[in-house]
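Subject: Structure handover

Dear colleague,

I am passing on the structure below, and I would be glad if you could keep it open while you read the notes that come after it.

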Amino acid sequence: MDLNTITEVIRRPPSRPGVEWQEGDAWLAGGTWLYSVEQPGLRRLIDLTELRWNALVSSDAGLDMGAMCTIRDLYAFASPDDWIAGSLLAKSCEAFLSSFKVWNAATVGGNICLSLPAGPMITLTVALEAQYELWAPDGSARTVDALDFVTGDNRNILAPGEILRRVRIPARALRKRAAHRRFTLTRLGRSTVFLIGTQTPGTSDLLLTVTAGTTRPVRIAFDTMPDARNLRRSIDEIPAGLWFADPNGTPDHRHHLTRHFAEEIRREFMAGGPA
Ligand SMILES: Cc1cc2nc3c(=O)[nH]c(=O)nc-3n(C[C@H](O)[C@H](O)[C@H](O)COP(=O)(O)OP(=O)(O)OC[C@H]3O[C@@H](n4cnc5c(N)ncnc54)[C@H](O)[C@@H]3O)c2cc1C
């Protein structure tokens, strides 16, 4: 849609963007959300395309994703064979149900920074214990755990003018076993709940990531596989105010689904799968 409050689009931001940040500015990544709703508070868009932050680099250390990596490019990425949890990359892209036009333009960074509960790149990167590199307007940088970035529905820890530069997923997490469950109210709908469990090979630990059902990601860690009762109790301990309400599900429905799918994930690991 036309954004009729925008007076300027900055096509060539400085290589350290943010130095000229003003009230009413917004970073423009793929623009799939920015151009989909009215933006009455915005005056300038700062286009990140020219910075060429779209690289997807794998190494012994893990996977490095530039914030401008598109959903399409992430989907096409072929993980090394020993990255068992690498299948989650494509699965998470598939959780982003939209047309090819959106997939071609939407970026990993835009999805994370929009910080919707059903942001699949948030689910993916929290479950795989990623770290985010953030750049501040004063030239300083900080690294934060993906888990700590989103603070609520459409809210995160970014300060004015701060930008997400890249996401790093450690190889250690990519080598884990993984299982996921997702529920949508309609066949091509937005996630009502999206859970991912991971397990270190050769151990019985469990790292359970709960998203979409809650306003921010929740991670529950067990040193050894819990029994059904303890798993259920840990989900019941998620504060009542964190369960998300929107047309895709009530808080009670999401709580119920999370209990159900967490138990399925537990049983999948207990049965020896997934590979
Ligand atoms: C049909 C359709 C279906 C959709 N389905 C989903 C869905 O299932 N789940 C979901 O989460 N979203 C969904 N969206 C919303 C949106 O398209 C996605 O979240 C998308 O990934 C946003 O990425 P983008 O690159 O287009 O971001 P943009 O629209 O360019 O930006 C989104 C926000 O993030 C900020 N931003 C972008 N990059 C950075 C950065 N590097 N650092 C700091 N801030 C930044 C922007 O200023 C803006 O506030 C959907 C949209 C459409 C049109």
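The notes below go through a sheet, the core, one helix and two loop residues.

Please bear in mind throughout that this is a predicted model.

I begin with the sheet, which is open and is formed by five strands in the order β4-β5-β10-β6-β7, with antiparallel pairing. Its edges are β4 (56-59) and β7 (141-145), each of which pairs on one side only. On average, neighbouring strands of this sheet are turned by 20° against each other, if direction is ignored. Within the sheet, strand β6 (residues 131-135) runs antiparallel to β7 and is joined to β7 by five bridges, and Y132 stands opposite V144 in β7.

The largest nonpolar core comprises 62 residues, and L88, V108, L128 and L195 are those with the most contacts inside this core. The helix that gives the most to the core is α5 (residues 120-127), with five residues. At least three residues of the core come from each of domain 1 (56-172) and domain 2 (176-270). To see the surroundings of one of these residues, you could display L195, which, leaving aside residues up to four places away in sequence, touches H180, R181, L208, T209, V210, T258, F261, A262 and I265.

L88 also appears in helix α2 (residues 87-94), where the buried residues are L88, L89, S92 and C93. These residues lie on the same side of α2, because the arc that they cover around the axis is only 140°. That fits the general pattern that an α-helix has 3.6 residues a turn, so residues three or four places apart point the same way. What do the buried residues of α2 pack against? Their partners are α1 (71-76), α5, β11 (177-184) and β12 (191-199).

Finally, there are two residues whose backbone deserves a look, given that most residues other than glycine have a negative phi. R52, although not a glycine, has a positive phi of about 55°, and its place is in the loop between β3 (44-47) and β4. A212 likewise is a residue other than glycine with a positive phi, in this case near 70°, and is found in the loop between β13 (206-211) and β14 (218-222). Are these residues buried or exposed? R52 counts as exposed because R52 has 9 C-beta neighbours inside 10 Å, where 12 or fewer is the cut-off, whereas A212 counts as buried because A212 has 30 such neighbours, where 20 or more are required.

With best wishes

Methods
Residues numbered from 1 in each chain as written. Predicted model: local features only at pLDDT ≥ 70, side-chain atom pairs only at ≥ 80, totals over all residues. Pairing = 2+ DSSP bridges. Helix = DSSP H or I, 4+ residues; strand = E, 2+ residues; numbered from the N terminus. Axes fitted to C-alpha atoms, helices over the stretch in contact; angles between N-to-C directions. Core = buried A, V, L, I, M, F, W, Y, C linked by C-beta atoms within 7 Å. Domains from an automatic or database assignment. Contact = placed C-beta atoms within 7 Å. Arc of directions from axis to C-beta.
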